[in-house]
Amino acid sequence: MPGNTHKGRTSNKVMTLFVCFLAALAGLLFGLDIGVIAGALPFIAKDFNVTSHQQEWIVSSMMFGAAIGAIGSGWMSSRLGRKKSLMAGAILFVIGSLWSAMAPNPEMLIAARVVLGLAVGVASYTAPLYLSEIAPEKIRGSMISLYQLMITIGILGAYLSDTAFSYTGNWRWMLGVITLPAVLLLVGVFFLPNSPRWLAAKGHFRDAQRVLDRLRDTSEQAKRELDEIRESLKIKQSGWSLFRDNSNFRRAVFLGVLLQVMQQFTGMNVIMYYAPKIFEIAGFSDTREQMWGTVIVGLINVLATFIAIGLVDRWGRKPTLTLGFLVMAAGMGILGTMLHMGIESPGAQYFAIAMLLMFIVGFAMSAGPLIWVLCSEIQPLKGRDFGITVSTTTNWIANMIVGATFLTMLTTLGNANTFWVYAGLNILFIIFTVMLIPETKNVSLEHIERNLMSGKKLRDIGSHD
Ligand code: BGC
C-alpha cells in the first residue's frame, strides 16, 4: 500500500503541505485585496477627482461584493464542492483584478471592485472550510490562525507593493499586480483534490478514500477518518429549519453575528483602508512618509498575530479578547485626545503613531484571529454551514459599513470625535465579552454543543460542569 512505505509517507506529507499552502493562498489574496486600496486611494482620488463619498464607495464596493459572495458560497460549496468554488473564486479574482486596473472611470472601478469582492467573499468562506476538512486532525486547530496570518501577510504585501508603485504614482499597477497571485491560485486550485468530506457527503466514498490515502500517513489512518466522516454525516445539515424551530440554535447564530460585529466595529479596517489618510491627519504631510508608515502598520499587524497564535490555547479566548479590546480602546482614546489637543511637535506626531500601532497590536493579538476561531467553534454540527454563512456575511456587511462611513464621520463629527466613538465601542465590547462570550479553550465541540442546546447561558457554554 503506497501510504505505508516511508517514501509514500514523505510524499503524502508534501502533498498535504502543498494542499494547505494553496488554500492558504486564498487567504493571502483576501489580505492583498483588503490592503491594496489604502495606498492606491489617494492616487485614484487625484486622478479621477472624486469626492469623499465616492472614495468611500470605491473602498466599500468590495465589501458589498464580499457579503454577496459569502452568502452565495454556502450554497455553491455544498452543491459544486469546495474545489470548484475555490476555482470560481480564483477566476473572479483574476477578472476583478484586471478590470479594476483598467477601469476608465470611478463607476467602472466600483463595479470591478464588486466582482473582486465576490471573489474575496467566496475565498473567505470556502478556504477555511476546505482547510479544516483537508488538514490532519493534529493541526486542524492552528489552521484558522494560520489563515489569519496569511491575511495579514497579504495586507503587508499589498502595502509594500503600493509603496513601490507610489514612486511613479501608478495606481493601475498597484491594483493590476494582484492578478499574478490570482493566476497562481487559479492554476494551483486546478491540481487540488476534492475535499474528502464533501465527496463522502455526495456519496462518493471510494473517491473520498482515494484522496485520504494520498494525504494521510497510513491507510489505516485514512480508513479511520473516512469512518468518522461517515459517522458525522449521519447528522444532516438543517440550518434554516433549525433556526426557525430552535431558540438555542438562534442564540448561537446571534452570538456569531455579535462576534463579527464586534470585530469590525473595533475600527481596525478604518486603519487598514485609510492608513495614509490617518498619517496625514497626524501631521505627516509627505506621501512617502505616509506610505512607509502604512508599511509599518502592516508589519506590526503580521508580527502581533504571532502573539495570538501563542496565546489562544494558553490564556484562552476571553482574557485575550478582553485585553485586546482594552488596548484598542486606549489606542483610539489617546489618539482622539491628541487630535483634540492638536498634534504640533514631531514628538507628538510619533507618539500618535505609537498609539495607532498599539491599537493594531491590540487587534492582531485578539479579535483578528480569535473571532474567526470562536465563530467556527460555537455552532452546533447540524446548523454549522448556516451559522458560519450568517456570521461570515455579517463580517462583510459590518466591514462595509465601517469603510463607507469613516470619511463622512471625519467631516461631520470631526477627527477627535470619530476616534473617540471607536474608543467607546471598544469599551462596550469589553462589557460584551465579559457578559456574553464563552470560554472555549480545551473544550470539545461536542461539549459546547451539548451546553448550548441544553439552554445554558451563552457565556457558560464552554464550561465543564
Ligand atoms: C478581519 C479583516 C481585517 C483583518 C486585518 C481579519 O480578521 O476580518 O476585516 O482587515 O483581520 O488583519
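## Where the ligand sits

In this predicted model, the ligand sits in the largest cavity. A cavity here is a set of points, on a 1 Å grid over the protein atoms alone, where a 1.4 Å probe fits but cannot get out; a molecule sits in one if more than half of its atoms lie within 2 Å of its grid points.

Because domain 1 (1–192) and domain 2 (236–465) both give residues to the shell around the ligand, it lies between them. The domain bounds come from an automatic or database assignment.

## The shell

The ligand is surrounded by 14 residues, each with a heavy atom within 4 Å of it. The closest are Gln148, Gln263, Gln264, Asn269 and Trp372. By class, the shell has nine polar residues (Gly counts among these), five nonpolar and no charged ones.

Helix 5 gives the largest share, three residues. Helices are DSSP runs (H or I) of at least four residues.

## Polar contacts and cover

Let's turn to the contacts, counted as pairs of N or O atoms within 3.5 Å. An oxygen atom of the ligand lies 2.8 Å from a side-chain N or O atom of Gln148. For the side chain of Trp372, the distance from a ligand oxygen to an N or O atom is 2.9 Å. Gly368 takes part through a polar backbone atom, 3.3 Å from an oxygen of the ligand.

The protein covers 100% of the 310 Å² of accessible area that the ligand has on its own (Shrake-Rupley method, 1.4 Å probe).

## Notes on the model

Residues are numbered from 1 along each chain as its sequence is written, and side-chain values use heavy atoms, without hydrogens and water. Local features need pLDDT of at least 70 and side-chain atom pairs count only at pLDDT 80 or more, while totals for chains, interfaces and linings use all residues.

Conventions: A polar contact is a pair of N or O atoms within 3.5 Å; within protein, one must be able to donate a hydrogen and the other to accept it, and residues adjacent in sequence count only if both atoms are side-chain atoms. On a 1 Å grid over the protein atoms alone, a cavity is a set of points where a 1.4 Å probe fits but cannot get out, and a pocket is an open set with protein on both sides within 12 Å along at least five of seven lines; lining residues have an atom within 4 Å of a point. Helices (H or I, at least four residues) and strands (E, at least two) are DSSP runs, numbered from the N terminus.
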